[in-house]
Amino acid sequence: MKRVLIISHNAMSSRANNGKTLASLFRSWSPSHVRQLFFNPETPDTPAAASFFRLTDHEIAKRVLCCMRRENAGETVAPTSSAVSSGTSVQARFFQRHPSMKVFVRDLLFSTKAWRSKNLLAWIDEFEPERIFLLGGDTCFPFRIAARIAADRNIPLDVYLTDDYLLNAVPKSLLSKFNLRRLRNTYQEVFERTRHLFVIGTAMADAYREQFGRDFIPIMHAPVMPDSMSLRTSSGGLEAVYIGGLHLGRANALMSLARLIAPAVRDAGASLTI
């Protein structure tokens with residue numbers, strides 16, 4: 001079993017979005033062979049990795065503002081019983097209203113050498129990773145950090161995209177257009193140096209293969225359902241819960257699913273609630 005360094009925005013989690021996907025993908029890995037570097041101000045809630053290192057924008061900004069005199073940035077964190085976020089600061093509320101500015105500022109901060117802190121590099125060297133697994137998003141800096149760590153240690157880099165942030169994006173400002181062009185260039189550059197490229201589905205694999213001239217492997221997060229789980233409620237009806245966003249036409253897909261299975265449910269003499 002190879003030692004894998006996971007790099008992502010989100011901490012591994014038992015319930016939250018990409019963190020849950022990562023925990024599921026590596027559930028068969030021995031935690032002693034997994035470490036995670038993540039960038040969001042949150043805390044993991046699963047012991048799926050032996051060690052977690054959190055490196056936030058705030059830590060990078062402090063190191064930049066003190067002209068790199070601070071040797072360290074970021075810290076190792078232990079899993080808690082529930083995922084914890086740092087709360088909503090004034091800056092966070094501003095960036096929620098201006099997502100393009102958030103992407104630009106984060107990429108600008110991490111484009112410096114401030115992320116290469118003494119404690120982070122020592123943490124990586126101690127682990128001696130044999131593989132890098134990057135779960136990428138809509139910012140450039142995780143791709144460049146993962147590629148640099150892989151190149152410095154001459155180890156393979158694998159990239160996984162759980163959403164399309166590029167081909168169907170509709171930039172509405174000059175800054176968002178700049179961010180999108182920079183992201184496209186980063187994808188192209190890093191994909192050329194990547195061993196395996198994974199995406200969330202076959203349609204995305206086909207579209208990205210045509211765009212970048214590389215093979216993309218579709219893998220989906222499939223949670224393990226206990227054999228004893230029942231969809232029946234105490235009243236005898238069937239109940240299904242969808243947990244996720246309703247954007248990108250997902251609400252229409254849910255309604256189509258309900259219409260598709262409704263006749264079979266009625267034939268079984270039951271009711272269905274979604």
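Residues 24 or more positions apart account for 68% of the contacts in the protein chain with a separation of 6 or more, where contact means heavy atoms within 4.5 Å. Keep that in mind as you start the tour. This is a predicted model, in which local features need pLDDT of at least 70 and side-chain atom pairs count only at pLDDT 80 or more, while totals for chains, interfaces and linings use all residues. Residues are numbered from 1 along each chain as its sequence is written, and side-chain values use heavy atoms, with hydrogens and water left out.

**The whole chain**

Begin with a cartoon view. The protein chain has nine helices and twelve strands; helices (H or I, at least four residues) and strands (E, at least two) are DSSP runs, numbered from the N terminus. Of the 274 residues, 38% are buried. Here buried means under 20% relative accessible area, exposed means over 50%, and partly exposed lies in between (1.4 Å probe, protein chains only).

**The sheet**

Next, select the strands of the open sheet. Eight of them follow the order β5-β4-β2-β1-β7-β8-β9-β10, with mixed pairing. Two strands pair if DSSP finds at least two bridges between them. At the edges sit β5 and β10 (217-218), each pairing on one side only.

Now pick β1 (residues 4-8) and β7 (residues 131-136), which pair in the parallel sense over five bridges. Show I6 as sticks and you will find F133 of β7 opposite.

Then add helix α1 (residues 17-25), which packs on the sheet and touches β1, β2, β7 and β8 (157-161). Its direction makes about 150 degrees with that of β7; axes are lines fitted to C-alpha atoms, for helices over the stretch in contact, and angles run from 0 to 180 degrees between N-to-C directions. Colour N18, G19, T21, L22, A23 and S24, the buried residues of α1. Their cover includes β1, β2, β7 and β8.

**Strand β4 and its two partners**

Move along to β4 (residues 51-54). Which residues of β4 are buried on each side? S51 and F53 are buried on one side, and F52 and R54 on the other, leaving both faces of the strand covered.

On to the partners of β4. Strand β2 (residues 34-38) pairs with β4 in the parallel sense over four bridges, and R35 has S51 as its bridge partner in β4. Strand β5 (residues 75-77) runs antiparallel to β4 and is joined to β4 by three bridges. Select R54 and look across to E75 in β5, which stands opposite.

**A stop in a loop**

Just before β5, zoom in on E71, placed in the loop between α2 (57-65) and β5. Is E71 buried or partly exposed? With a relative accessible area of 49%, E71 is partly exposed. Set aside the neighbours within four places in sequence, and E71 is in contact with R63, S117 and K118. Try a C-alpha to C-alpha distance for E71 and K118: they are 5.6 Å apart in space and 47 residues apart in sequence.

**Helix against helix**

Hide the strands and show α2 with α4 (residues 99-110). Their axes are 9 Å apart and the helices pack at an angle of about 50 degrees. That makes α2 oblique to α4; angles under 35 degrees count as roughly parallel, over 145 as roughly antiparallel, 65 to 115 as roughly perpendicular and the rest as oblique. For the side chains, select D57, I60 and A61 in α2, which meet R106, L109 and F110 in α4. By class, this contact has four nonpolar, no polar and two charged residues. Ala, Val, Leu, Ile, Met, Phe, Trp, Tyr, Cys and Pro count as nonpolar, Asp, Glu, Lys and Arg as charged, and the others, Gly among them, as polar.

Keep α4 and add α7 (residues 174-191). These two helices also pack at about 50 degrees, with axes 9 Å apart, and are therefore oblique to each other. The contact is made by S100, M101, V103, F104 and D107 of α4 and L175, S176, F178, N179 and R182 of α7. These residues divide into five nonpolar, three polar and two charged.

For the last stop, swap α4 for α6 (residues 141-153), whose axis comes within 10 Å of that of α7 and crosses at roughly 20 degrees. That makes α6 roughly parallel to α7. Select F143, R144 and A147 in α6, which meet T186, Y187, E189, V190 and F191 in α7. Five nonpolar, one polar and two charged residues make up this contact.
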